[in-house]
Protein chains: 2
Amino acid sequence: MRKTGRPTMIDVAADAGVSLKTVSRVVNGESGVDPAMIERVRASVARLGYHRNSLAASLRSGNRDTIGFIAADLSNTFYMAVAAAVSQVATRERMHVVMASSEEDADLERTLALDMCQRQVGGLIVVPTAADHSYLAREVELGTPVVFLDRPGSGIPADAILLDNRGGARDAVAELLAAGHRRIAVLLDAPSIYTMAERREGVRDAFAAAGRALDPALVVEGLHTPADARDAMERLLDSADPPTAVFGTNNRLTIGALETILPRGADVAIAGFDDFELSRLLPRRIRLVDYDVADLGARATETLLARGADPATGSHTQLVPTRLVDRGGVR
Amino acid sequence: MRKTGRPTMIDVAADAGVSLKTVSRVVNGESGVDPAMIERVRASVARLGYHRNSLAASLRSGNRDTIGFIAADLSNTFYMAVAAAVSQVATRERMHVVMASSEEDADLERTLALDMCQRQVGGLIVVPTAADHSYLAREVELGTPVVFLDRPGSGIPADAILLDNRGGARDAVAELLAAGHRRIAVLLDAPSIYTMAERREGVRDAFAAAGRALDPALVVEGLHTPADARDAMERLLDSADPPTAVFGTNNRLTIGALETILPRGADVAIAGFDDFELSRLLPRRIRLVDYDVADLGARATETLLARGADPATGSHTQLVPTRLVDRGGVR
DNA sequence: TTGAAAGCGCTAACAG
DNA sequence: CTGTTAGCGCTTTCAA
């Protein structure tokens with residue numbers, strides 16, 4: 001007797017009076033089955049309300065039809081948008097996606113990644129938080145491809161899909177410099193975060209190209225939240241020699257800066273990395289480094305699936321381009 | 001010989017010179033194993049790089065450790081935020097989450113839901129698009145609980161977690177009425193969408209309570225995108241007898257209305273259902289119906305898990321409260 | 001074209 | 001405390 005009430009292929013076979021294998025053939029749409037048999041099996045499937053147990057099928061066949069996605073922080077709209085794109089491509093390719101957020105915690109990332117490998121995912125898309133990913137070396141070696149997204153990983157051969165962080169930051173700051181600004185404040189999160197380091201380099205590039213020097217007093221690091229950025233901006237504006245422009249190196253920091261600048265009506269030009277909802281409706285003109293988030297997620301997924309099909313070739317890093325957009329200025 | 005290169009419990013057992021069952025005990029942390037044996041098995045596990053195949057474990061034990069989440073539209077920030085909350089609670093409870101978006105397509109919803117059932121999910125959280133969910137009746141009956149989120153489902157016994165759509169809309173419009181507005185425009189998506197119908201009723205409630213009648217000419221339905229709302233707002237403002245206030249029944253429609261109102265500097269009071277990023281930074285005062293999105297997702301997940309533990313009791317609908325917030329008015 | 005047997009990797013049930 | 005046996009539901013292999 002069955003434990004669970006769910007009918008199995010054996011039940012269908014018995015009901016239809018055919019062998020187990022014939023049911024399997026019909027259920028999987030294999031060719032070379034007598035039409036009359038197909039009909040009989042179909043009828044039994046419908047009568048019993050049979051659904052194939054794809055876990056059992058995967059176990060036996062070794063086919064993996066799930067991909068894992070580990071975001072650094074799913075509460076960030078950026079990663080949520082990436083997740084949506086991953087899910088969309090996966091659905092199109094008839095794959096499932098299991099998702100989780102590492103909350104920027106290296107230990108949790110490791111736990112989640114290994115958990116997903118135990119669940120036999122066919123591949124892993126990871127926004128890396130851990131410094132070293134050799135804990136995944138064994139899995140990669142055994143045929144579970146890994147693609148890093150937004151930040152490069154280390155310790156294993158894996159493809160990476162990154163933004164052109166440096167180029168985007170450079171372009172934004174170059175435009176501020178071209179507009180005549182010299183005292184440009186730069187708001188940064190922790191410099192240990194890859195994207196922050198890259199964007200800071202981009203700022204340096206722009207200053208170097210303009211033959212100017214960045215005032216270190218205007219570079220504020222370690223800002224995690226919009227509130228942090230808001231407070232930092234207050235201090236900058238209240239200082240003896242305030243900036244005439246500010247560059248927020250991510251959306252949260254740019255928004256925090258706006259929370260100070262707009263209510264005060266401060267005369268500061270604003271630029272930032274990442275576009276955000278409603279940027280068009282801001283009362284001030286703002287220059288933003290924009291890019292196609294969905295493209296980032298889609299490319300990662302496509303790269304992963306291609307890698308699953310062909311594990312041989314060496315790993316590559318793809319750079320998703322950025323472009324400067326002009327937003328705001330309403331009223 | 002093994003097909004895949006992955007070591008199995010049998011390999012570990014052979015390496016450690018113990019039985020399969022002993023390995024199983026150690027790997028699963030069961031009590032009552034000799035410390036010396038535990039050590040031996042641990043050593044072999046480490047040496048071989050063994051990881052338990054949890055698919056096989058699930059197949060045998062019947063334990064389900066994955067929950068499915070089907071959003072109506074993952075590109076909508078609202079559902080993305082819900083998804084993040086679902087994922088967070090699931091991770092806390094040591095569950096995996098598989099996610100997908102039905103793209104508001106009833107057939108796709110059905111396909112995705114049944115696919116997930118075939119993958120043996122322990123439960124399903126669905127933002128329903130289909131009119132009838134009796135296609136899931138069999139699964140519910142066989143012990144896969146379903147929780148509907150944001151919209152009620154029909155055709156199966158299932159819990160539902162909904163917003164107080166009607167009360168929220170009523171409160172917002174009541175405040176516009178109290179402020180003296182009589183000609184209040186209402187922007188709606190398709191009235192076939194549950195939340196739209198509810199919110200429209202809430203608007204009616206507010207007018208009825210004030211002893212006023214809503215002008216049907218100011219109620220615009222079938223608006224899907226911000227651009228639709230923007231255009232509708234243009235027409236309303238250009239009409240012979242324009243509104244003095246507008247209520248957007250979701251974030252996209254409110255934003256679309258703003259895209260017309262702000263650049264024109266139109267003298268129209270604004271209220272809307274759903275808060276959105278940056279609402280605080282708007283140059284105009286705006287009243288919004290806010291609620292705790294994370295709570296919505298968390299409750300759904302907790303309800304699902306509780307239901308998995310106790311399938312007996314009757315199904316319930318929970319209403320997540322809303323509150324009116326005052327935003328904008330910067331500069 | 002159809003079927004019988006074996007076994008994917010693991011846990012349950014029962015001995016010892 | 002440890003081991004043996006069976007079998008979860010399916011696909012693979014090979015024979016008819």
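In this predicted model, Cys117(B) has a relative accessibility of 5% and therefore counts as buried, the cut-off being under 20%. Cys117(A) is likewise buried, because its relative accessibility is 5%. A search over all chains of the structure returns 0 disulfides.

Ala309(B) gives another accessibility value. This residue lies in helix α12 of chain B, which covers residues 293–309. With 68% relative accessibility, Ala309(B) is classed as exposed, because the class begins over 50%. Its C-alpha atom is 9.9 Å from that of Pro145(B), although 164 residues separate the two along the chain.

The accessibility values of these three residues are collected below.

| Residue | Relative accessibility | Class |
|---|---|---|
| Cys117(A) | 5% | buried |
| Cys117(B) | 5% | buried |
| Ala309(B) | 68% | exposed |

**Nonpolar cores**

The largest nonpolar core comprises 90 residues. Within this core, the most contacts belong to Phe69(A), Phe247(A), Phe69(B) and Phe247(B). Another core, of 56 residues, lies apart from it; Leu237(A), Leu218(B), Leu236(B) and Leu258(B) are among its members.

The surroundings of Phe247(A) can be listed, leaving out residues up to four places away in sequence. Phe247(A) touches Ala169(A), Ala172(A) and Val173(A), then Ile184(A), Ala185(A), Val186(A) and Leu187(A). Further partners of Phe247(A) are Val203(A), Ala271(A), Gly272(A), Phe273(A) and Val289(A).

**Interface of chain B and chain A**

The contact between the chains involves 60 residues of chain B and 60 residues of chain A. Together the two chains bury about 5,600 Å², and carbon and sulfur atoms account for 57% of that area.

Polar and charged pairs also cross this interface. The rule finds 6 salt bridges between chain B and chain A. One of the salt bridges pairs Arg94(A) with Asp115(B), whose closest N and O atoms are 3.3 Å apart. Residue pairs in polar contact across the interface number 22, with both residues at pLDDT 80 or more.

On the side of chain B that touches chain A, at least two residues come from each of α4 (54–61), α5 (77–92), β2 (96–101), α6 (106–118), α7 (137–141) and α11 (251–264). Of these, α6(B) supplies the largest share, 7 residues.

Methods. Residues numbered from 1 in each chain as written. Chains lettered and ligands numbered in written order. Predicted model: local features only at pLDDT ≥ 70, side-chain atom pairs only at ≥ 80, totals over all residues. Heavy atoms only, no water. Core = buried A, V, L, I, M, F, W, Y, C linked by side-chain atoms within 4.5 Å. Buried < 20%, exposed > 50% of the residue type's maximum accessible area, 1.4 Å probe, protein only. Contact = heavy atoms within 4.5 Å. Disulfide = S-S within 2.5 Å. Helix = DSSP H or I, 4+ residues; strand = E, 2+ residues; numbered from the N terminus. Buried area = accessible area lost by both parts, 1.4 Å probe. Salt bridge = Lys/Arg side-chain N within 4 Å of Asp/Glu carboxyl O. Polar contact = N/O pair within 3.5 Å; in protein donor to acceptor, adjacent residues only side chain to side chain.
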